[in-house]
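This report looks at how a ligand is held by the protein around it, and then at the sheet that takes part in that surrounding. Please keep the structure in view while reading.

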Amino acid sequence: MIKMNKIDLIKKVQSGERLNQQEGEALYDLDLYTLGELADGIRKARYGKKSYFNINRHINPTNVCKDICKFCAYSASRKNPNQYTMSHEEILEIAKHSWENGAKEVHIVSAHNPEAGLEWYMGAFRKIKEAYPDLHVKALTAAEVNFLAEEYDLSHDAVLDMMIENGVDSMPGGGAEIFDEEVRDFICKGKVTSEQWLDIHRKWHQRGKMSNVTMLFGHVEARRHRIDHMLRLRDLQDKTGGFNAFIPLVYQRDNNFLKVREFPTGQEILKTYAISRILLDNIPHLKAYWVTASIGLALIAQEFGADDLDGTIEKESIQSAAGAASSHGMDLNEFVGLIKNSGFTPVERDSLYNEIKVY
Ligand code: V47
C-alpha cells in the first residue's frame with residue numbers, strides 16, 4: 001500500500017475534501033497536536049466556543065437480558081446475579097422526579113428482557129408522554145428494536161411505528177458497537193447485525209425522526225475498524241441526514257467477559273475524537289460522553305473536535321457497572337463551572353440541539 005504524504009493529507013483535510021478508508025487510517029499517524037488543530041478548526045468554524053449539554057436523566061429499567069455481549073457488565077448473568085425489572089410506577093416516579101427537577105429529556109435504554117412483554121416497553125413510554133408531554137423521550141436502541149421484532153414476530157417497521165404511537169421522540173445511538181462483522185461476532189454474537197442496525201436507523205430517519213450513533217472502542221478492535229465504522233455512518237448520513245450526534249464510547253473494563261490486554265492511552269482517545277470530527281463531516285455534533293471518557297478527558301476533547309458533553313444524567317447503570325464513575329450523574333452547577341473553567345461557553349440545549357440557555 002502506498003503511504004500518503006503527511007503534508008498532502010493535511011492539505012486535503014484543510015481543503016474540506018473527503019477522506020477514504022486508507023486516508024482515514026493515515027490520520028492516526030499524524031501527531032496529536034496537528035490532529036487537534038485540524039479538528040478544532042472544524043469545530044470552531046461551526047460552533048465557536050460553545051459547548052452543548054442537556055439536563056437529562058438516564059433510566060435503565062431492566063438488566064435482564066437474553067443476549068450475552070462480552071463487554072457488558074450490566075446485564076444480569078452469572079457475573080451480575082442481581083436482576084431487576086422496574087414497574088411502570090417506578091419508571092414514572094423517576095420521570096416525575098426528573099421533570100420536577102428541570103430535566104428536558106429521559107434517555108431510556110434497557111436490556112433485552114424476554115419476560116417483560118412488549119406492553120411493558122411501550123407502555124412505559126406512553127405513560128411518561130401522557131403525564132409529561134414536553135419531556136423528550138429518547139428510547140430504544142436499534143438492538144432493542146431488533147430484539148422486540150424477533151421476540152414478538154414483528155417487522156422492524158412495525159416496532160418503529162409502535163414507538164412513535166407510544167410517544168418515543170428520538171432514538172439513542174447504542175448497540176452500534178463496532179460494525180466490522182468479524183469483531184462484532186467476537187464481542188456480541190447474536191445481537192443486531194451491523195446491516196440491521198443501519199437499516200433500523202435508516203427507517204427511523206425516513207419517518208422524519210432523529211437519532212444518535214455510538215462507537216464502542218478501545219477493546220479488541222483495530223484502528224481500521226473504527227475508520228470503517230465511521231465511513232459506513234457517513235454513507236448512511238448522506239442518504240438520510242437523520243443523525244444528530246456521533247458518540248465514541250471508551251470501553252470500560254470491569255466485571256465483564258472481554259479479556260483486553262491493552263487499553264487506549266489518553267492520546268489514542270483524543271486522536272479518535274479528532275479523526276471522527278474530520279471524517280464525519282455530515283454528522284453535526286460530536287459528543288464527548290464524560291461517563292466513559294472521564295470528565296477530565298471529555299473537557300480536553302472540546303479542543304479535539306467535540307462540541308457536546310451529553311448531560312447531567314442523574315444516574316447511569318450500564319457503564320457504571322463496568323467501572324465508570326457515573327452512578328450518580330453530575331451536578332448542574334458543577335458541570336457548568338467545569339465547562340467555563342475549561343475555556344468554553346456552556347450552552348444548554350434540548351434533545352434536537354435547539355439552544356435553551358447560554359451560561
Ligand atoms: O451500546 C456497554 C455501551 C451503550 C460497556 O444516544 C459500554 O445520546 C463502555 O446507548 N464500556 C449504551 N460502554 C449507551 C448508549 C448511549 C450512551 C450515551 C449517549 C447516548 C445517546 C447513547 O453502552 C451500548 C454499549 O456500547 N456499553 N458496556 C462498557 N463496558
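For sorting residues by character, Ala, Val, Leu, Ile, Met, Phe, Trp, Tyr, Cys and Pro count as nonpolar, Asp, Glu, Lys and Arg count as charged, and the others, Gly among them, count as polar. On that basis, in this predicted model, the residues of the shell around the ligand divide into ten nonpolar, seven polar and four charged.

**The ligand and its surroundings**

The ligand is surrounded by 21 residues, of which Lys138, Gly173, Gly175, Glu177 and Lys287 are the closest. The polar contacts listed below join the ligand to a side chain in the case of Lys138, but to backbone atoms in the cases of Gly175 and Gln252.

| Residue | Protein atom | Ligand atom | Distance |
|---|---|---|---|
| Lys138 | polar side-chain atom | oxygen | 2.7 Å |
| Gly175 | backbone N or O | oxygen | 2.7 Å |
| Gln252 | backbone N or O | nitrogen | 2.8 Å |

How much of the ligand's accessible area does the protein cover? On its own the ligand has 620 Å² of such area, and the protein covers 97% of this. The space that the ligand takes is, moreover, the largest cavity.

**Elements that supply the shell**

Three elements, namely strand 5 (211-217), strand 6 (243-250) and helix 14 (318-321), each supply at least two residues of the shell around the ligand. Strand 6 gives the most, with three residues.

**The sheet**

Strand 5 and strand 6, which both contribute to the shell, also belong to an open sheet of three strands, in which the order is 5-6-7 and the pairing is parallel. Strand 5 and strand 7 (285-286) stand at the edges of this sheet, and each has a single partner strand, so one side of each is left without a neighbour in the sheet. Between strand 6 and strand 7 the parallel pairing runs over two bridges, and Leu286 in strand 7 is the bridge partner of Phe246.

Definitions and conventions:
Residues numbered from 1 in each chain as written. Predicted model: local features only at pLDDT ≥ 70, side-chain atom pairs only at ≥ 80, totals over all residues. Heavy atoms only, no water. Near = heavy atom within 4 Å. Polar contact = N/O pair within 3.5 Å; in protein donor to acceptor, adjacent residues only side chain to side chain. Areas by Shrake-Rupley, 256 points an atom, 1.4 Å probe, with all protein chains shown as cover. 1 Å grid on protein atoms, 1.4 Å probe; cavity = no way out; pocket = protein on both sides within 12 Å on 5 of 7 lines; lining within 4 Å. Sits in = over half its atoms within 2 Å of the grid points. Helix = DSSP H or I, 4+ residues; strand = E, 2+ residues; numbered from the N terminus. Pairing = 2+ DSSP bridges.
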